[in-house]
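This report looks at how two chains meet, at the charged pairs, and at one group of strands.

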Amino acid sequence: MADDIKVIVFKLGSEEYGIEVEKVQTIERMMPITRVPKTYSFIKGVINLRGVVIPVIDLRGRFGIQEAEHTDQTRIIIVNVNEMEVGFIVDSANDVIDLNRDSIDTPPDVVGGIKAKYLDGVAKIGEDRLLIMLNLTEVLNKSEIVQLESLEG
Amino acid sequence: MDMNQYLSMFIDESNDHLQSLNESMMGLEANPEDISIVQVIFRSAHTLKGMAATMGFEDLASLTHQMENVLDLVRNNKLRMQDFIFDTLFKSLDALESMVEDITGGGEGKADVTAIVSSLQAIVRGEVPAAAGAAAEVTAAAATTGDAQISLDEFQYSVLEQSLQEGHQVLYVDVAIRKDCQLKAVRAYMVFDLLERSGEVVKSFPSVQDIEQEKFDYGFSLYYITQKDASEIQRMILNLSEIDKVTAVALDQESLSQMAQEMSAATAEASPAAPVQESSASAPAKAPAASAAKEENGKSAPVRTGGAPSRTIRVDIERLDVLMNLFSELLIDRVRLEQLASEVQNGDLTETVEHMGRVSGDLQNIVMKLRMVPVDTVFNRFPRMVRDLAKSLDKKIDLVVTGAETELDRTVIDEIGDPLVHLLRNAVDHGVESIQDRLASGKSDTGTVNLRAFHSGNHVFIEIEDDGAGIKPQKILQSAIKKGIITQEQAASYSDDEAIQLLFAPGFSTAEVISDVSGRGVGLDVVKSKITSLGGNVVVYSTPGKGTNFSVQLPLTLSIIAAMLVKIGSEKYAIPLSSIVETGIVKNTQIRTIHGNRMIEFRNSHIPLLSLSKFYAVPDFDESTEEETEIVVVRKGERLVALAVQDFIGQNEIVIKNLGKYLPEVQGISGATILGDGQVALIIDPNAFIK
């Protein structure tokens, strides 16, 4: 039997995504973001999180989804992966659930427009909820961004 | 009484006193006639003795007591400082330091100091080895075998012994110069020069320094190691003109050991008349010297007070981190309170919040400065180190320290010491040539090692520059090929600059290199990896014949700089004050276009005008719509560029933070800082605008 893991659930559009709770430092409300010029468009800038300057990424932009207006529900999820601290702007984040590793399936090639390499798998919760587990290392992979940039530019 | 609570205070203060003792001793060595320095030393030693005795560290107290006795004589003009006394006092300081270190490590501060104590006592009794009184007798004294005309210290004795065992000749040479000789120091120098060519002078009496300054009669004697035999040496010296008489006697193992015995006996029964004679001789000379010293006092006094022990406590650095983070949270709340107060419109509340704002502003400054330490805390032990090293290598070296007040983060300061020691040792040992070589290549006999620290952009640079022989790129390449670090083909593509950087390559440093490539390369890869682990870099520049410069670049993480805050549209940026030349306003009509570049006239020349709002693609500002433009003129070296901004906000001390690991290098941005209201402002890197 595989272990249960705790997962933070957040939303981008109508899709629900999950990040393992150990990788999440805090979840913050929207706060002033200082724009950083001359960088990728999905990097919204930097914030001051209790004295530490942390870059913030719009996950919609990162996955190539249409960016949305920020609302009351918008949250910044601060994750810490490979000693990198990064904030993700998400539409909302309001749930923590227990998940059994067994219930995570390998993802289909394309889920909600996101390339499969960014995903760890897809978990089915309850009857009709699908939770997309993110592969944070890939999401934050910089060498891939460079390729992306060269394609665009 | 429980002394534990005072222990840390004792350790801190002892270290401060030892440091100031060291500094004063160096000052005194440079200026031996200045009795006021002796007073400072005496007071420091006295305080140290008192503290040590109170804390029950007997050894520490007794050693300082002996030092005090010596210093007391000097203070009362009963004893003149000379090399031997300096060396003994420095040795005592080292012993004291190791005792304090032992105490710091939880030990008892016990150490065997009997040797030092007895030599200090000997000095007090006037038994200065080979004191000035003996000088007159030198020429008269016949150089019979084993007659210890010059007392050797243990180290020199062991050198002689070893040379004998290795089959070298150890000679005792007595030289007399003709009485009618005009430039006896030059003659003496020629003798030394001659001798150094075919051997090594271990010890001479009077000392080389004294001889150079003509402080000797018409004769001097020395111990000499060579392969040649006594008669040959004798003939060689006699070939020089104006030499009256030379006696060279070969010593053997037996006479050496006999000498060693006599040496210890001699110190016990040496004539007490020597110091009396000495002080009377120096008395007339002292009067003008004293008045000169008094004059100098006015100038040097403030410098010395700067070295006075500071009152400090020790704080765990992690607590400072916590303090800093908590404080940042407080700032955010303050901003919220200010907003609320402006909404509520209650006078009392607004006033209180404003006061709170001012107090927290001051608090912020202090919290941020707490972690910053001037590099002086690392640099202050270097003059002593270089002095000792230069002395042991028989070189003359001036260490020039500049920018010691430059501040660096505490964590960096703690780590940077060892690499710097390594680089300095290299500069002294292998960089600066021997006195003979320097004179031969037309340089002054005193080498200069510059130790510089300064801010530049978002880095602190520490440079160690010597005016020695420099490094030959070809030699580096050859030994790199030999060691298999690069191949012959690779070597061909290396520029001189690249070749020199191979010094830092792992595996380059082996003992063999020392003789091959002017000695460079010992463990430099370790230095490099240490500096890299601190997020810094080290490069070396060298001009053969002119010298070598090791430049260590350290990041300013958490470092505080003064900066000018400017506004561009809704965004705020900080420009390091160190690169700002001037701020001003230009009218649009003053802006000219030359070759499609916008230029303005500045101090009789034209400099480019760059639009920050365009460069950073600021969405809500365009200065071309305004009639007048605020400009900040920044420089990199000699070159200037004007940056157009919207408004000046003011000058501020800012704490430099990096943008986080995730963000790649952003062009034109060197970091970020958190402003008083909790907002992040980006720091402009002026270097990016000047190519």
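The account below treats the interface, then the salt bridges, then the strand pairing.

The model is predicted, and its two chains touch through 27 residues from chain A and 27 residues from chain B. Between them, chain A and chain B bury about 2300 Å², of which 63% is on carbon and sulfur atoms. On the side of chain A, the residues that lose the most area to chain B are A:Arg35, A:Lys38 and A:Arg50, which together make up 27% of what that side buries. One of these, A:Arg35, also has its side chain in a salt bridge with that of B:Glu571, at 2.5 Å from N to O, and the count of salt bridges between chain A and chain B is one. Four residue pairs are in polar contact between the two chains, where both residues have pLDDT 80 or more. Strand S4 (43-49), strand S5 (52-58), strand S7 (84-90) and helix H3 (142-152) of chain A are the elements that give two or more residues to the side touching chain B. By class, that side of chain A holds 17 nonpolar, four polar and six charged residues.

Over all chains, the salt bridges come to 23. Three of those within chain B are set out here.

| Salt bridge | Closest N and O atoms | Separation in sequence |
|---|---|---|
| B:Arg387 and B:Glu29 | 2.6 Å | 358 residues |
| B:Asp94 and B:Arg384 | 3.1 Å | 290 residues |
| B:Glu582 and B:Arg603 | 2.7 Å | 21 residues |

B:Arg387 lies in helix H16 (residues 382-392) of chain B and B:Glu29 in helix H1 (residues 4-30) of chain B, so their salt bridge ties together parts that are 358 residues apart in sequence. B:Arg387 counts as buried because its relative accessibility is 12%, whereas B:Glu29, at 22%, counts as partly exposed. Helix H16 of chain B also carries B:Arg384, and its partner B:Asp94 lies in helix H4 (residues 83-104) of chain B, so this pair ties together parts that are 290 residues apart. Here B:Arg384 is buried, with a relative accessible area of 8%, while B:Asp94 is partly exposed at 35% relative accessibility. These four residues belong to a network of salt bridges that links B:Glu29, B:Asp87, B:Asp94, B:Arg384, B:Arg387, B:Asp388 and B:Lys391.

The remaining pair in the table links B:Glu582, in strand S14 (residues 580-587) of chain B, to B:Arg603, in the loop between strand S16 (597-602) and strand S17 (605-611) of chain B. B:Glu582 is partly exposed, with a relative accessible area of 32%, and B:Arg603 is exposed, with a relative accessible area of 56%.

Among the strands of chain B, which partners does S11(B) have? Strand S9 (residues 459-466) of chain B runs antiparallel to S11(B) and is joined to S11(B) by eight bridges, with B:Asn549 in S11(B) as the bridge partner of B:Glu465. Strand S10 (residues 537-543) of chain B also pairs with S11(B) in the antiparallel sense, over seven bridges, and in that pairing B:Asn537 has B:Gln553 of S11(B) as its bridge partner. S10(B) and S11(B) form a hairpin with three residues between them, and B:Gly545 in the turn has a positive phi of about 90°. Strand S11 (residues 547-555) of chain B is itself mostly covered, as eight of its nine residues are buried.

Methods
Residues numbered from 1 in each chain as written. Chains lettered and ligands numbered in written order. Predicted model: local features only at pLDDT ≥ 70, side-chain atom pairs only at ≥ 80, totals over all residues. Heavy atoms only, no water. Contact = heavy atoms within 4.5 Å. Buried area = accessible area lost by both parts, 1.4 Å probe. Polar contact = N/O pair within 3.5 Å; in protein donor to acceptor, adjacent residues only side chain to side chain. Helix = DSSP H or I, 4+ residues; strand = E, 2+ residues; numbered from the N terminus. Nonpolar A, V, L, I, M, F, W, Y, C, P; charged D, E, K, R; others polar. Buried < 20%, exposed > 50% of the residue type's maximum accessible area, 1.4 Å probe, protein only. Pairing = 2+ DSSP bridges.
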